[in-house]
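Hello,

Here is the structure I promised to pass on to you. Please have a look at it first, and then read my notes below.

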Amino acid sequence: FNENFDYPTRPDLFDWTEDHYPNHPSLSPHDDTKPNDDVISTFHSLSSVRPNVLDIGCGFGGLTLALSPLLPHHTILGLEIRAKVTEYVRLRIVAHRKEHPGQYQNCSVMRTNAMKYLVNYFPGGSLDKIFFCFPDPHFKKKNHPRRIVSERLLTEYAYLLKPGGKLYCITDVKDLHDWHVEKCSAHPLFVGCSEEEMVADPCVELMRTETEEGKKVEREGRFGHDKYYMVYKRVDGN
Ligand code: SAM
């Protein structure tokens, strides 16, 4: 991958409004909290709209789009490292916005390396949900440090999530699922959700059915080929 990514030095220096959420519902003219003064307005736009749900490694954007109507009061961002795939998702969102006026204004996509730059974009304690759907398995042991869920990165995800915020993982690779469970269970800032909690959470159903990889597993329907998932909660600690 071309590693020449632009990124802000601090999250508050990034304006999400103009390129990502120009018609975000919270920016509607009926919103009394919207200031009129130009200077304040700039400040307002730099800070008032910011993503709080991340679809990391969003691929072709199926989940990013599906989360938009499910979580109308959240701001959803798909993150993808491949330029062409990111552009495809961007155009997909533009088309959905055109086709359904007033909808899909709370979702967007951005190209970045999510293993490197999350803290440049998102303040600590600002995220409600982080999704890792069918992440690259990096099968060989020597490549395990490249896995996007790791001890080190879980500490970063815990920093970014609000207390009670959720981290979702789904994969069709049993070994990788076991790795996810092992790493999250061992981390002092995460606690596993019960089966009942997961079943009651509509986001779980979406990550199984609306991701392109989830659909592929369904289509292929191979025996012994399954979708394994887990949800962990950020504990209310420090
Ligand atoms: N989540 C999608 C789904 O379930 O259909 C796509 C899964 S695909 C197997 C994994 C995706 O993660 C790829 O599109 C890949 O380009 C992206 N990816 C890998 N490493 C990444 C990184 N460090 N930052 C952002 N995206 C990454």
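**What I found**

Of the chain's 238 residues, 33% count as buried. Please keep in mind that this is a predicted model. The chain contains nine helices and seven strands. Among contacts with a separation of 6 or more, 75% are between residues 24 or more positions apart.

**Confidence**

The average pLDDT of the chain is 91, and 89% of the residues score at least 70. The stretch to treat with care is residues 32-45, where pLDDT stays under 50. For that stretch the model has eight contacts beyond four places in sequence. For the complex, the predictor gives an ipTM of 0.99 and a pTM of 0.92.

**Around the ligand**

Which residues come nearest to the ligand? Of the 18 residues around it, they are Gly57, Gly59, Ala114, Thr211 and Glu213. By character, the shell divides into nine nonpolar, four polar and five charged residues. Strand E2 (76-80) supplies at least two residues of this shell, and so does helix H9 (212-220).

**Strand E1, helix H2 and the core**

Strand E2 also pairs with E1, in the parallel sense and over four bridges. One of the bridge partners is easy to find on screen: Ile56 is matched with Leu79 in E2. In strand E1 (residues 53-56), Val53 and Asp55 point one way while Leu54 and Ile56 point the other way, and all are buried.

Helix H2 (residues 62-70) is largely enclosed by the rest of the structure, because seven of its nine residues are buried. The buried residues in H2 are Gly62, Leu63, Thr64, Leu65, Ala66, Leu67 and Ser68.

Leu54 and Leu63 turn up again in the largest nonpolar core, which has 44 residues. Together with Ile130, Phe131, Leu167, Tyr168 and Met207, they touch the most other members. If you would like one residue to start from, try Met207. Leaving aside residues up to four places away in sequence, Met207 touches Leu63, Phe131, Cys133, Tyr168, Ile170, Gly214 and Tyr229.

**Two residues with positive phi**

Most residues other than glycine have a negative phi. Two exceptions caught my eye. Phi is near 50° for Phe134 and near 45° for His138, a positive value in each case. Phe134 lies in the loop between strand E4 (127-133) and helix H5 (151-160), and His138 also has its place in the loop between E4 and H5.

Are these two buried or partly exposed? Phe134 counts as buried, because it has 22 C-beta neighbours inside 10 Å and the cut-off for buried is 20 or more. His138 has 16 such neighbours, so it counts as partly exposed.

**Met115**

Last on my list is Met115, in the loop between strand E3 (107-111) and helix H4 (118-121). Met115 counts as partly exposed because it has 16 C-beta neighbours inside 10 Å. Not counting residues up to four places away in sequence, Met115 touches Ile148 and Leu153. Its C-alpha atom is separated by 29 Å from that of Arg97, and the two residues are 18 residues apart along the chain.

Happy to go through any of this with you.

Best wishes

Technical notes
Residues are numbered from 1 along each chain as its sequence is written. This is a predicted model: local features need pLDDT of at least 70, side-chain atom pairs count only at pLDDT 80 or more; totals for chains, interfaces and linings use all residues. A residue is near a molecule or strand if its C-beta atom, placed from the backbone, lies within 6 Å of it. Ala, Val, Leu, Ile, Met, Phe, Trp, Tyr, Cys and Pro count as nonpolar, Asp, Glu, Lys and Arg as charged, and the others, Gly among them, as polar. A residue is buried if 20 or more other C-beta atoms lie within 10 Å of its own, exposed if 12 or fewer, and partly exposed in between; C-beta atoms are placed from the backbone. Two residues are in contact if their C-beta atoms, placed from the backbone, lie within 7 Å. pLDDT is the predictor's confidence in each residue, from 0 to 100. A nonpolar core is a set of buried Ala, Val, Leu, Ile, Met, Phe, Trp, Tyr and Cys residues joined through C-beta atoms within 7 Å. Two strands pair if DSSP finds at least two bridges between them.
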